[in-house]
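Thanks for coming. I will go through one chain this morning, starting with its aromatic rings and working outwards to the strands and the core.

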Amino acid sequence: MSADLTHVQRMWEDDDASRALGMEALEIAVDRARVRMAVTDAMVNGHDIAHGGFIFTLADSAFALACNSRGALTVAAGADITFVAPARRGDVLVADATQRTAYGRSGITDVTVTRESDGSTIAEFRGRSRSLRSQEHT
């Protein structure tokens, strides 16, 4: 039995920010998502490594897919990231998101960002989400 994920797939299709950064959704499932992004020249900082903001954005995009997969309109309430290793120009990064728990209208989702070529962990992200009440959708 597969869940109807039309709503979250539509959300992804409407995500201009992620698309502009070249992100690709590899997997969208209930409580899970995988998103890939290549580190381009425009994403490298003055230390010649990927700017942390772009790595955060990749993780945040995967987080958004996972925490919206149950159907309720859900937004970020906060997030933390720990950078473990540098990513470099040309690296392809993969963000694996798993919603760990949902309680009431709140949830916690963990995202691990790895380098596709060797599986090295680049960053660990923990997002806190909040589902909006129906009157809050507008």
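This is a predicted model, and the count of aromatic pairs in it comes to 2. Take the pair of phenylalanine 56 and phenylalanine 125. Why is it called edge-to-face? The ring centres are 5.2 Å apart and the planes meet at 65°; the cut-off for edge-to-face is over 60 degrees, so this pair is edge-to-face. Phenylalanine 56 sits in helix H3, residues 52–68, while phenylalanine 125 sits in strand S6, residues 121–131. The two are 69 residues apart, so the pair links distant parts of the chain.

Are these two rings buried or exposed? Phenylalanine 56 has 27% relative accessibility, so it counts as partly exposed. Phenylalanine 125 has 2%, so it counts as buried.

The other pair is phenylalanine 63 with phenylalanine 125, and it is tilted, with 5.6 Å from centre to centre and 55° between the planes. Phenylalanine 63 lies in H3 and phenylalanine 125 in S6, so this pair ties together parts that are 62 residues apart in sequence. Phenylalanine 63 is buried, at a relative accessible area of 1%. Phe56, Phe63 and Phe125 form one aromatic cluster.

Now the helix. H3 has 17 residues and spans 24 Å from its first C-alpha to its last, close to the 24 Å expected at 1.5 Å a residue. Which of its residues are buried? Among them are Ile55, Leu58, Ala59, Ala62, Phe63 and Ala66. An α-helix has 3.6 residues a turn, so residues three or four places apart point the same way. Keep that in mind when you look at the list.

Next, the strands. Strand S2, residues 32–38, runs antiparallel to strand S4, residues 92–103, and 7 bridges join them. One of the residues to find here is arginine 36, whose bridge partner in S4 is valine 94. S4 also pairs with strand S5, residues 106–115, in the antiparallel sense, over 10 bridges. On that side, valine 94 stands opposite threonine 114 in S5. The hairpin of S4 and S5 has 2 residues between the strands, and glycine 104 there takes a positive phi near 60°.

Threonine 109 is also in S5. It is buried, with a relative accessible area of 0%. What does threonine 109 touch, leaving aside neighbours within four places in sequence? Its contacts include Phe63 and Phe125, which brings us back to the rings, along with Ala66 and Cys67, and Ala97 and Thr98.

Last, the core. The largest nonpolar core has 29 residues, of which Ile55, Leu58, Leu93, Val111 and Val113 touch the most other members. Which elements supply at least two residues each? They are helix H1, S2, H3, S4, S5 and S6. H3 gives the most, with 8 residues.

Leucine 93 is worth selecting on screen. Not counting residues up to four places away in sequence, leucine 93 touches, among others, Val35 and Met37, Ile55 and Leu58, Val113, and Ile122.

To recap: there are 2 aromatic pairs, they make one cluster of Phe56, Phe63 and Phe125, and H3 is the element that gives the most to the largest nonpolar core.

Terms used: Residues are numbered from 1 along each chain as its sequence is written. This is a predicted model: local features need pLDDT of at least 70, side-chain atom pairs count only at pLDDT 80 or more; totals for chains, interfaces and linings use all residues. Side-chain values use heavy atoms; hydrogens and water are left out. Rings of Phe, Tyr and Trp (its six-membered ring) pair if their centres lie within 6.5 Å; planes under 30 degrees apart count as stacked, over 60 as edge-to-face and the rest as tilted. Helices (H or I, at least four residues) and strands (E, at least two) are DSSP runs, numbered from the N terminus. Buried means under 20% relative accessible area, exposed over 50%, partly exposed in between (1.4 Å probe, protein chains only). Two strands pair if DSSP finds at least two bridges between them. The expected span of a helix is 1.5 Å times one less than its number of residues. A nonpolar core is a set of buried Ala, Val, Leu, Ile, Met, Phe, Trp, Tyr and Cys residues joined through side-chain atoms within 4.5 Å. Contact means heavy atoms within 4.5 Å.
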